[in-house]
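Student: Hi, could you walk me through the empty spaces and the surface of this one? I'll just ask as I go.

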Amino acid sequence: MNAKLRKIGKSLGRHLRAYRARRARSKSDATFIGITGSSGKSTVTALLGHILASHGPVHVELLFHSLEMLARMLSRRIDGVNYVVVEVSASGINSIKPLAEMLRPHVAVVTMVRLEHVSSFRTLENVAREKRALVDMLEPGGLAVLNADDPNVLAMASGQAQRFVTFGESDAADYRVAEISAAYPRMLGFKLHWRGGVLDLETPFPGEHFWLPTAAAAATALELGVPAQAVKDRIATFQPRENRCQAIVPEGGPHFILDSVKAPWHSLPLALDMVAKSTLGKKRIVLGQLSDFTDSNAKYARAYKSTREIANQVIYVGEHAHRSKASQADRDAGRFVELRTPKEVSDYIRQTAEPGELILLKSSSNLHLERIALAWTHDVKCWVAECGKTDGCQQCGLYEVPFEQHRAFVRQRKLQRRRRRFLRLFGR
């Protein structure tokens, strides 16, 4: 009986939060912007929020994939802002539509359509249909900002309730990208041609593939009336998202590029191209868990063939490390190293690293390869192989605490906060 009552109470609570969220949304005068796509949406969301902050108060939310999270945000955090910028992630078929119905965006941005979450979507057409749900839920007269180079995204421009603009390398794009160039440590720059002229954009990103989220954010901001010079200046001062091709250069150590949030197969060539075009001398690639694909055995072997061509050494780590099919000659020569845990990789790199060399850490988030770079500037003590957390180590903040002590540490920290709050209210 108690369990049944708790279930009823939770259901009523969800309905109440949804009601409050919809009411708050209907009363808000803010411009609501939803951003989706198979890759690049987090960078677009964060960068667009950074640009719009020069134009008015902004609230930014990353990685929304549940109605409860969205309802909580709409109920509590949109007062007094001019813009609400939300990353809308798909967790399965028909997962975006209810989010979009609650958000009711004035602007929808779609970066690209690739086959992701294979077990759920199965086909590229299903992914495209899912992403389109955000565009279909635009407010009347709303704006869709679409990738002109992706036919599955461009097809979303067929709706009647909204206007649309496009960005991309296509000659037909409203915001046309040209002269893309990056060669780490020289960061990405490109020209953006639009009806207002040409913007020469300099970015803080190490790879050429970041032109896409940068162009998407710039096009959206310009359509919303942000002055072109402000767009240019804000892009130049943006701090990249942690672990999304984030460059970390410890004093006297190697150059780490952390690409450890996700590793769908389609993203691997982009990361490898970034390494290949770098002007640094020695190059190493650490590859962990690939994601969102079938036929894993063959793709780890294909990945090794590609990485071997551009790196002095390739290190495979994790449960799939044995799938490289590297030759015994490569193993004996040190071209390939197979290790099981991030701690083993960290120890190995610490012993063999050379100042100024480039090390790419590429994996999905489960291995938290960012710890390998963090260990050069912090006393990392949490080396559990897989902790089950999706947040990066920087967001978790517990990487200097042994994993088995996390719960006790968090509990003690909460007690200390309550004690300080009590003392502030009532004195000693």
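Student: What volume does the second largest pocket have?
Tutor: Keep in mind that this is a predicted model. In it, the second largest pocket has a volume of about 180 Å³.

Student: And which residues lie nearest its centre?
Tutor: Those are Ala24, Lys27, Ser28, Ile78 and Asp79, out of a lining of 14 residues.

Student: Which helices supply at least two residues each to that lining?
Tutor: Helix H1 (2–27) and helix H3 (67–76) each do so.

Student: How many of the lining residues are nonpolar, polar or charged?
Tutor: For the second largest pocket, there are 6 charged, 5 nonpolar and 3 polar residues in the lining.

Student: OK, on to closed spaces. How many cavities of 30 Å³ or more are there?
Tutor: The count comes to 2. The largest cavity has a volume of about 110 Å³, and 14 residues line that cavity, with His368, Cys382, Cys387, Cys393 and Cys396 closest to its centre.

Student: What's the class make-up of that lining?
Tutor: The lining of the largest cavity has 8 nonpolar residues, along with 4 charged and 2 polar ones.

Student: Switching to the outside: which residues make the nonpolar surface patch of about 450 Å²?
Tutor: Phe422, Leu423, Leu425 and Phe426 make that patch.

Student: Where is Phe422 placed?
Tutor: Phe422 is in helix H16, which covers residues 406–426.

Student: Why does Phe422 count as partly exposed?
Tutor: Because its relative accessibility is 48%, and partly exposed is the class between under 20%, which is buried, and over 50%, which is exposed.

Terms used. Residues are numbered from 1 along each chain as its sequence is written. This is a predicted model: local features need pLDDT of at least 70, side-chain atom pairs count only at pLDDT 80 or more; totals for chains, interfaces and linings use all residues. Side-chain values use heavy atoms; hydrogens and water are left out. On a 1 Å grid over the protein atoms alone, a cavity is a set of points where a 1.4 Å probe fits but cannot get out, and a pocket is an open set with protein on both sides within 12 Å along at least five of seven lines; lining residues have an atom within 4 Å of a point. Grid points are joined across faces, edges and corners, and a volume is the space filled by probe spheres set on the points. Helices (H or I, at least four residues) and strands (E, at least two) are DSSP runs, numbered from the N terminus. Ala, Val, Leu, Ile, Met, Phe, Trp, Tyr, Cys and Pro count as nonpolar, Asp, Glu, Lys and Arg as charged, and the others, Gly among them, as polar. Patches are made of residues with over 30% relative accessible area and no salt bridge: like charges are joined within 9 Å, nonpolar side chains (Val, Leu, Ile, Met, Phe, Trp, Tyr) within 5 Å. Accessible areas come from the Shrake-Rupley method with a 1.4 Å probe; for residues, only the protein chains shown count as cover. A salt bridge is a side-chain nitrogen of Lys or Arg within 4 Å of a carboxyl oxygen of Asp or Glu. Buried means under 20% relative accessible area, exposed over 50%, partly exposed in between (1.4 Å probe, protein chains only).
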